[in-house]
Amino acid sequence: MTKINLFGLSLSELSDYFESIGEKRFRAKQVLPWLYQKWVTNIDSMTNLSKDLRQVLIQSAEINTFKGMTKKKSRDGSVKYLFNCFDDKQVESVFMPMKNGYTMCLSSQVGCAQACSFCMTGTMGFIRNLTSAEILGQVVCMLRDQAHDRPFNLVMMGMGEPLLNMKNLEIALDLLFAKTGFNLSPKRVTISTSGHVKNIERLSRFKPLPRLAVSLNATTNEQRSEIMPINDRWPIEALLQACRSFPLGTRDRITFEYVVIRDFNDSIADAKRLIGMLEGIRSKVNIIPFNETPELPYRQPADEDLHAFHERLNRAGLRNTIRWSKGRDIGAACGQLAVKGIKGKKRRV
Ligand code: SF4
């Protein structure tokens with residue numbers, strides 16, 4: 001008999017399961033904290049359930065995240081994890097120590113269909129969406145491994161376009177925010193998109209609302225289409241309109257990621273256009289110097305150009321930070337995640 005994986009089931013799916021074995025639906029709420037707050041790996045640890053019920057569960061259910069994992073530690077303290085899925089696909093995630101806790105960068109897909117030309121994941125093509133168990137499994141496996149109790153933030157900026165895996169993303173968000181789940185504040189979760197306008201609109205109706213980050217990287221449609229094919233479907237104007245309509249709390253801002261590539265998008269003219277584009281949107285810009293890798297043809301910007309760009313934004317009062325990626329020595333930096341030797345479909349959605 002195939003066992004049901006309790007990990008990653010939505011509250012209603014878990015309640016249905018309990019009903020199907022003749023139990024009360026509220027048992028689901030008793031089980032969630034074991035999975036997402038205590039990170040248990042076996043059903044027998046769930047001591048608020050009777051011994052008899054635990055025996056019934058053991059016969060028909062299990063707790064599964066990944067088959068295994070390996071990790072590499074960077075000189076800067078960040079750790080890159082490679083998770084092996086049960087179908088032998090692999091995904092990467094990054095655990096980064098920050099000033100006030102930790103940030104975990106999560107993947108949403110194996111590979112990615114978006115084919116952004118500055119990103120190693122884009123070279124893999126699309127293989128498949130991660131399940132909700134695999135999205136949340138990355139969090140629990142890293143927390144178990146790091147065994148820490150400090151506050152953490154999650155950013156969906158790893159492999160894949162999260163807004164093309166909406167169903168599983170929404171289940172994961174529900175469990176991240178549920179009191180009996182991870183009980184995380186929505187302010188601690190950021191969803192980063194390459195600009196899937198239709199699903200930015202769908203995300204804007206999700207409650208509670210996570211933070212939104214948009215991978216922008218260019219200031220004209222011609223330039224953006226050259227490095228991000230999604231721009232042909234949703235050009236900058238449509239993307240910014242969706243951002244303007246995205247509901248924000250009083251102190252919230254949309255993060256715009258701007259990967260700076262030498263002699264491509266690093267001029268003062270680019271900085272000026274960026275300032276104009278973001279006018280009227282409560283925003284902050286993460287300026288990310290391109291992380292060079294032998295497989296991609298781009299170069300990191302010259303220091304003086306990077307600082308001139310940053311200064312120009314400062315002078316205009318546009319909130320911005322230069323973000324040197326963590327984990328560059330272990331291939332864990334922004335745009336460097338990719339599982340070698342895998343080729344998926346070059347599908348663009
Ligand atoms: S930048 Fe994001 S959306 Fe673009 S190819 Fe890489 S993972 Fe996919």
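## A buried glycine

Glycine 195 has a relative accessibility of 1%, so this residue counts as buried. The model is predicted. Glycine 195 sits in the loop that runs between β10 (189-193) and α6 (197-203).

What does glycine 195 contact, once neighbours within four places in sequence are left aside? The partners are Glu161, Ile200, Ile230, Trp234 and Leu239. Leucine 154 is 41 residues away from glycine 195 along the chain. The C-alpha atoms of these two residues are 19 Å apart.

## Two domains

The domain assignment divides the chain into domain 1 (4-62) and domain 2 (68-330). Their C-alpha centres are separated by 33 Å. Domain 1 puts 15 residues into the contact, and domain 2 also puts in 15 residues.

About 1,200 Å² is buried between domain 1 and domain 2. Carbon and sulfur atoms account for 68% of that area. Which three residues supply the most of the area that domain 1 buries against domain 2? They are Phe7, Tyr36 and Trp39, with 51%. No other three residues give more.

The polar side of this interface can be counted too. Between domain 1 and domain 2 there are zero salt bridges. Four residue pairs are in polar contact across the interface, with both residues at pLDDT 80 or more. On the domain 1 side, helix α2 (residues 27-36) gives the most to the surface touching domain 2, with five residues.

## Nonpolar cores

The largest nonpolar core holds 105 residues. Phe118 and Phe182 have the most contacts inside this core. The core takes at least three residues from domain 1 (4-62) and at least three from domain 2 (68-330).

There is also a second, separate core, made of six residues. Among them are Met96, Cys105, Val155 and Ala332.

## Salt bridges

Side chains of opposite charge can pair when their charged atoms come close. How many salt bridges does the structure hold? The count is 14.

One of them joins aspartate 44 to arginine 54, with the closest N and O atoms 3.4 Å apart. Aspartate 44 is in the loop between α2 and α3 (51-60), while arginine 54 is in helix α3, so the pair ties together parts that are ten residues apart in sequence. The two ends differ in exposure. Aspartate 44 counts as partly exposed because its relative accessibility is 40%. Arginine 54 has a relative accessible area of 10%, so arginine 54 is buried.

A longer link in the chain comes from lysine 187 and aspartate 252. Their side chains meet in a salt bridge at 3.3 Å, N to O. Lysine 187 belongs to the loop between α5 (166-177) and β10, and aspartate 252 to the loop between α9 (236-245) and β12 (254-260), so this pair ties together parts that are 65 residues apart in sequence. Lysine 187 is partly exposed, at 47% relative accessibility. Aspartate 252 is buried, at 14%.Glutamate 134 and arginine 128 form another salt bridge, with the closest N and O atoms 2.9 Å apart. Are these two residues buried or exposed? Glutamate 134 has 8% relative accessibility and therefore counts as buried. Arginine 128 has a relative accessible area of 19%. The limit for buried is under 20%, so arginine 128 is buried as well.

Salt bridges also form a network that links Asp16, Glu19 and Arg25.

## Glutamine 223

Glutamine 223 is placed in helix α7 (residues 221-227). Its relative accessibility is 9%, so glutamine 223 counts as buried.

Which side chain makes a polar contact with the side chain of glutamine 223? That of aspartate 270 does, at 3.2 Å. Residues up to four places away in sequence aside, glutamine 223 touches Ala218, Phe264, Asn265 and Asp270. Asp270 is thus named both as a touching residue and as the polar partner.

Conventions. Residues numbered from 1 in each chain as written. Predicted model: local features only at pLDDT ≥ 70, side-chain atom pairs only at ≥ 80, totals over all residues. Heavy atoms only, no water. Core = buried A, V, L, I, M, F, W, Y, C linked by side-chain atoms within 4.5 Å. Buried < 20%, exposed > 50% of the residue type's maximum accessible area, 1.4 Å probe, protein only. Domains from an automatic or database assignment. Contact = heavy atoms within 4.5 Å. Buried area = accessible area lost by both parts, 1.4 Å probe. Salt bridge = Lys/Arg side-chain N within 4 Å of Asp/Glu carboxyl O. Polar contact = N/O pair within 3.5 Å; in protein donor to acceptor, adjacent residues only side chain to side chain. Helix = DSSP H or I, 4+ residues; strand = E, 2+ residues; numbered from the N terminus.
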